[in-house]
Amino acid sequence: MGTVYAKEPVINEDAMSNTTDSEDPTEGPGTSPESRIQHIFHGDIKVKVERVHIEGLGRTKEDVILKHVSQLFKAETFKDVIFTSGVVKQELEELDMFQGVGVLIDTSKGPKARQDGLDVTVIVKESRRITGNAHTSVGNNEGSLVLGAKCPNLLGRGEHLTAEYSRGTRHSVGYNATFTTPLQGDIGKRFTATVFRTSGDFLSSSYKEIDHGTLLEVMLPSFLGQHSFKWEGNWRDISCLSRTASFAVREMAGHSLKSSIKHVFTRDTRNERIYPTKGYLLQISQELAGNRLGGDVQFLKGEAEIQLNRKLLKDCVVSCSLQAGLMKPLNYTETLINDRFFIGGPTSVRGFNFRGLGPHADGDAVGGEAYWAAGLHLFTPLPFMPGRGGLGDLIRTHVFVNAGNLCNLNLEEQTVHQHLERLRDNFRWSYGAGIILRLGRIARFELNYVIPKTALHSDSINAGLQFGVGVSFL
C-alpha cells in the first residue's frame with residue numbers, strides 16, 4: 001500500500017507546511033509491527049498522517065484534489081482520520097468527476113516512518129470522457145422524455161458539458177447545451193452557461209410559445225443560504241393555437257425580446273424534499289427586465305415562498321405553505337401573458353384546473369400581476385402501516401385546505417390598504433383528501449378528491465377526483 005507509481009502525486013505534510021515534527025519517536029528496529037498496528041488503530045490514540053497517495057488520476061488536475069485531501073493532515077486521532085476520510089470521499093464524489101472513490105489507511109512505511117504515522121491512499125476512477133443517458137422528468141403536471149449526452153470533467157477541473165433533447169406529453173419540445181464549472185474548486189460555487197430552445201402548448205390560454213435564448217448563472221453559498229444570480233436573454237414567439245383564441249391572447253401574440261437579471265435566495269433546512277418531517281423552506285426572488293438591459297419587455301417582479309413542517313405524532317406531519325408574487329410594468333408598458341403569474345391546478349390551489357383560477361377572457365386564462373396562495377396539510381401514514389422500508393415509505397395520505405387569489409393591481413393610483421383589500425376580496429378556497437406516491441427523491445404523484453367552496457363564474461373548476469405530478473406543490 002506504500003507503493004506509489006511515479007505518475008501519481010504523493011502529498012507529504014512537510015511539502016504543504018514549512019514546519020516539521022520531531023518530538024515523537026520513529027519506528028525502531030525493536031518495535032513489533034503487530035503491537036504498533038494495534039497501538040495506532042486504537043480510536044483515541046494520537047496519530048499523524050504523514051503522506052497521502054493519490055492513484056488513478058489521468059486528465060484530472062492535481063490542484064483540484066489537493067484542496068480536499070489536505071484536510072487529512074489535520075486529523076489528530078485514528079477516529080479523526082476515519083471521519084475525515086469519509087468527508088474527503090463524499091466531497092470527491094460530489095464533484096461528479098469520478099465513477100468511484102476509495103480510501104485506504106495503513107501505517108507509515110520506511111526507515112524514517114514515525115511510530116504513530118499513517119499513510120492514506122485515495123484511489124479514484126475517472127468518468128468516461130463522454131456518456132449518454134435517457135430518462136424521464138416531471139414538472140408542471142407534465143411528463144417528459146429526455147435524451148442527453150455529457151462530457152464530464154472536460155478540462156480536468158470539474159467542468160461539465162451537457163446536451164439534452166426533451167419531448168413532453170403536452171407537445172412541448174426543447175433542447176439545450178449547458179457548460180458548468182466549479183469556482184475555485186468548490187462544488188457549491190459554480191458558473192453555468194446555457195443555450196436553449198424550448199416550445200410548448202398552453203391549452204388553457206390558447207397559445208403556443210417558442211423560446212430561443214441564453215442563460216448565465218452564478219451560484220454562491222453563504223452562511224444564510226444559497227444565492228443564485230442570473231442573466232437571461234430570450235427571444236420569444238407567441239402564436240394562437242386555434243381560431244377561437246380570445247382577442248386578449250391575440251393582442252399579445254407575436255415576437256418579444258426579453259433581457260433580465262434575477263436573484264434567487266434559498267434557505268432549505270428540510271430533512272427531505274418529498275416527505276419532510278421537520279425544517280422549513282424559504283425562497284425569495286427578484287427579477288428586473290429591460291430598463292437599460294435591452295429588449296422590449298420591461299417589468300419588475302418579486303416572488304416569495306415559505307414552507308414549515310412539524311411532526312405532531314409518530315409519522316404524522318403538519319405542513320404550512322404560503323406563496324406570493326407581485327410584478328409591475330415599467331415605462332408605461334404592459335405585461336405579456338408569458339410573464340404573468342398563474343395559479344390553480346393539482347400542484348397549486350387544488351379544485352381548479354391548470355391555470356384555472358384568476359382573470360379569464362372568453363374562456364382563456366390570461367394571468368395576473370399579483371397573487372397569493374396558501375396551503376395547510378396533514379400527512380399521515382397508510383392505515384394498515386406496512387412498516388418502514390416497504391410500501392409505507394412510498395405512499396402517504398393527506399387532508400388539506402388550499403386558498404388563494406390572483407388579480408391585477410393599480411400600483412400607480414391605489415394605496416397599500418386598497419391593494420390588500422383587492423387581494424383579500426373574492427379569494428377562493430377548497431379542501432379535500434388524497435393519496436401521495438413518492439417518485440424517486442425529487443417528485444411525487446397525488447390523487448385527491450377535492451371540493452371547491454368558493455369560486456368566481458370566470459374560474460375553471462375541477463371538483464371531485466384530481467391527480468397531479470410535479471416536483472413542487474403548494
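**Notes on a predicted model**

1. Let's start with Leu313, which sits in strand S14, residues 299-313. (Strands are DSSP runs of E with at least two residues, helices are runs of H or I with at least four residues, and both are numbered from the N terminus.) Leu313 counts as exposed because its relative accessible area is 61%. (The cut-offs: buried is under 20% relative accessible area, exposed is over 50%, and partly exposed is in between, using a 1.4 Å probe and protein chains only.) The C-alpha atoms of Leu313 and Thr380 are 9.4 Å from each other, with their places 67 residues apart along the chain.

2. A word on what you're looking at. This is a predicted model, so local features need pLDDT of at least 70 and side-chain atom pairs count only at pLDDT 80 or more, while totals for chains, interfaces and linings use all residues. Residues are numbered from 1 along each chain as its sequence is written, and side-chain values use heavy atoms, with hydrogens and water left out.

3. Now the overall picture. The protein chain has six helices and 22 strands. Of its 474 residues, 42% count as buried. Take the contacts (heavy atoms within 4.5 Å) between residues at least 6 apart in sequence: 61% of them join residues at least 24 apart.

4. Which residues have the most contacts inside the largest nonpolar core? They are Val52, Val69, Leu92, Phe98 and Val122, in a core of 23 residues. Strand S2 (48-55), helix H3 (62-69), helix H4 (78-94), strand S3 (98-107) and strand S4 (117-126) each supply at least two residues of this core. Another core lies apart from it, with 21 residues, including Tyr207, Ile238, Val297 and Met327. (A nonpolar core is a set of buried Ala, Val, Leu, Ile, Met, Phe, Trp, Tyr and Cys residues joined through side-chain atoms within 4.5 Å.)

5. Leu92 is a good one to click on. Leave aside its neighbours within four places in sequence, and Leu92 is in contact with Ile65, His68, Phe98, Val101 and Val122.

6. Have a look at how H3 and H4 pack. Their axes come within 9 Å and cross at roughly 145°. (Axes are lines fitted to C-alpha atoms, for helices over the stretch in contact, and angles run from 0 to 180 degrees between N-to-C directions.) On the H3 side, Ile65, His68 and Val69 meet Val88, Glu91 and Leu92 of H4. Sorted by class, this contact has four nonpolar, one polar and one charged residues. (Ala, Val, Leu, Ile, Met, Phe, Trp, Tyr, Cys and Pro count as nonpolar, Asp, Glu, Lys and Arg as charged, and the others, Gly among them, as polar.)

7. Buried or exposed: what is Val49? Val49, which belongs to strand S2, counts as buried because its relative accessibility is 0%. The C-alpha atoms of Val49 and Lys74 are separated by 8.1 Å, although these two are 25 residues apart along the chain.

8. Next, strand S15, where you'll find Ser321. Ser321 counts as buried because its relative accessibility is 7%. Setting aside neighbours within four places in sequence, Ser321 is in contact with Ile306, Gln307, Ala373, Ala374, Gly375 and Leu474.

9. The loop between strand S15 (316-329) and strand S16 (360-361) holds Asn331, and Tyr332 lies in the loop between S15 and S16 too. Asn331 isn't a glycine, yet it has a positive phi of about 55°. Tyr332 isn't a glycine either, and its positive phi is about 60°. Asn331 is partly exposed because its relative accessibility is 47%, whereas Tyr332 is exposed, at 88% relative accessible area.

10. How many disulfides does the structure hold? Zero. (A disulfide would be a pair of cysteine sulfur atoms within 2.5 Å.) As for two of the cysteines, Cys240 is partly exposed because its relative accessible area is 27%, and Cys320 is partly exposed because its relative accessible area is 35%.

11. Last stop: His398, in strand S19, residues 395-407. His398 is buried because its relative accessible area is 2%. Outside its neighbours within four places in sequence, His398 is in contact with a list of residues including His377, Leu378, Phe379, Gly432, Ala433, Glu446 and Asn448. The C-alpha atoms of His398 and Ala433 are separated by 5.6 Å, and these residues are 35 apart along the chain.
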